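Student: I've just opened this one and don't know my way around yet. Can we walk through it together?

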Amino acid sequence: MNRTIKYITFLLGLALMVACTDLGEEVYDKLPKDTFGNTPEQLNAIIGPAYKSLKRLQPYDSAWGMSGMTSDAMIAPTRLGGDWWDGGMYMEQTMHTWDARSYSVQTLWDNCTAGLTAVNAVYSIVETNDLLSPELKARYLGELRGLRAFWYYQLIDYFGNVPLVTDFKDTSLPSITPREQVYQFIVDELNEIIPVLRDDVSDESYGKFTQGAARTLLAKMYLNAEEWTGTPNWSGVIEQCEEIKKLGYSLTADWTANFTVHNESSREIILPICFSATDGGNSIHLYTLHYLDPIALGFKAATWNGICGVPDFVKAFDDADSRKEATFLIGPMIDPSTGEVLMTTANRPLNHTVDLNIVPGTEKRDAAGNLTGWGEVNQEDGARIKKWQFERGMANTDMENDVAIFRLADVYLMEAEALVRLGRAVEALPLVNEIRQRAFGNTQHNYNVLTLEDVYRERRFELAYEFTERQDMIRFGTFLQPKFMKPYVTESYRKLLPIPFTAWQKNNKLTQNPGYPGF
């Protein structure tokens, strides 16, 4: 990990945070260390880079893409002519053939460790601040410990055994710490900081690591305890979810309110990635839309024509479920100036089909030279992801929509899962039905009896493309099973990614995960 000691002036120069986190837009330069950092506004400027690190989750080649494209919900097919081939990295993700030198593995590791480094750097500054009151200092340090715990949650989810580093000034090379020990570190940290974190649900707390965020992360830890430690803790999930529901969060009446351009008013969102078009915004529109889609959608952008929904996943949605239409862009794209369907550069109608059809003769070979079932598809193929509303009138900017890392609907479904696993499905039933009633607009699709499979499916529909797919599939035992473009069972060791070769080059104390060739 890169833990080069940064100076406070450098960190403050990076502290231009998005408005919804209220971390300050002013650039502080050449600040006297003995006088700066004694007000909430000044401290917000200092901790800005720690919150801004969360933006590292969302790129298609980071956690958002890895969670989706290793699952059966998202795919980045190679387009006719070679677009999105990129050396076969997306084929590797779909077909579960990655290795320690894979670009997607390296970039995910780099983003997670860079996020962790940013938090540790800010923590070292706040820790030595003698100007704050003990209460305020404890709260800020608590937020930073929460963010650090979050990045370790990401690391043990994807990589398992990882170095445990909390001292930014320690420049020694760290060894690997077993997953179970890092798990316990995260749990202990979260339990310790909850009392000092703010518990309000308000404009002022939006974008902060609050008690709600800490308890939701704890629920996530307990939800995956059996997979990560060998010992389940379903009762711990229920306990944390019940505590979260006592706070001021509420399900939005309109599901789409969680994904609109200005969704910061949602009281369902517990922990967001805060985006601004002028300061590293949301780029999902670039990843998914065809080059000409913005014409039909009323904005300007140089989109990349890449990611779309896996056909089987799209078809699994009930047509009466409002989330299907709200999540996917399907059908002909109309030029508003002519009223006609737009035509691609291949002179084909721009009609987004659900199915992806391999063009005969375009099949690709894997790294060993073997012919695979992966091939090129036409430009227009695939249901595009439109869950986060595209703002009409955008002019070559990123999107403003925040992306929820945690929201209350997930809390309901986590608790429901834990209850069902403990044989208490009757108690879980109203939690799931409240989610379904919002999605369908009536009670006709409510469950009378609830099974674990019902909870799994509801998580998939409700939380599609919200960082949950891979983790859920591992927990429910479907991750290794055959899927679209992967007609075989994956080896069980691939539930973890390999430690990247580039990481080992920087730190030869790292050891490779079981199943992968050693360094």
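Tutor: Sure, let's go through some questions about this predicted model.

Student: Which residues does the UniProt annotation "domain: SusD-like N-terminal" cover?
Tutor: That label comes from an unreviewed UniProt entry. Over this part the chain is 61% helix and 3% strand, with end C-alpha atoms 36 Å apart. The record places the feature at residues 85–223.

Student: And how far apart are the end C-alpha atoms of residues 249–516?
Tutor: UniProt, again in an unreviewed entry, annotates that span as "domain: RagB/SusD". The span is 29% helix and 8% strand. Its end C-alpha atoms are separated by 43 Å.

Student: Which residues of α10 are buried?
Tutor: Start with the helix: α10 runs over residues 234–245 and reaches 17 Å from first C-alpha to last, close to the 16 Å expected. Its buried residues are covered by elements including α8, α9, β5, α15 and α18. The buried ones are Trp234, Gly236, Val237, Ile238, Gln240, Cys241 and Ile244.

Student: Is Glu127 buried, partly exposed or exposed, and why?
Tutor: Glu127 lies in helix α5, residues 103–127. Leaving aside neighbours within four places in sequence, Glu127 is in contact with Lys137 and Leu141. Because its relative accessibility is 44%, Glu127 counts as partly exposed.

Student: What about Thr327: buried or exposed, and why?
Tutor: Thr327 sits in helix α14, residues 322–327. Its contacts, setting aside neighbours within four places in sequence, are Trp255, Arg384, Ile385, Lys386, Lys387 and Tyr465. Its relative accessibility is 0%, so Thr327 counts as buried.

Student: Now Arg79. Which side chain of opposite charge is nearest to Arg79?
Tutor: Arg79 is part of strand β2, and it is buried yet has no salt bridge. A salt bridge needs the charged atoms within 4 Å, whereas the nearest side chain of opposite charge is 5.8 Å away. That side chain belongs to Asp381.

Student: Which residue's backbone oxygen lies 3.4 Å from a polar atom of the Arg79 side chain?
Tutor: Look at what Arg79 touches beyond four places in sequence: among them are Asn305, Gly306, Cys308, Glu376 and Asn378. Another residue on that list is Gln379. The backbone oxygen at 3.4 Å is that of Gln379.

Student: Last one: how far is the C-alpha atom of Glu127 from that of Leu496?
Tutor: Along the chain, Glu127 and Leu496 are 369 residues apart. In space, their C-alpha atoms are separated by 34 Å.

Definitions and conventions: Residues are numbered from 1 along each chain as its sequence is written. This is a predicted model: local features need pLDDT of at least 70, side-chain atom pairs count only at pLDDT 80 or more; totals for chains, interfaces and linings use all residues. Side-chain values use heavy atoms; hydrogens and water are left out. Helices (H or I, at least four residues) and strands (E, at least two) are DSSP runs, numbered from the N terminus. Buried means under 20% relative accessible area, exposed over 50%, partly exposed in between (1.4 Å probe, protein chains only). Lys and Arg count as positive and Asp and Glu as negative; His and the chain ends are not counted. A polar contact is a pair of N or O atoms within 3.5 Å; within protein, one must be able to donate a hydrogen and the other to accept it, and residues adjacent in sequence count only if both atoms are side-chain atoms. Contact means heavy atoms within 4.5 Å. UniProt positions are given in the numbering used here, feature names are shortened, and annotations may be inferred rather than shown by experiment. The expected span of a helix is 1.5 Å times one less than its number of residues.
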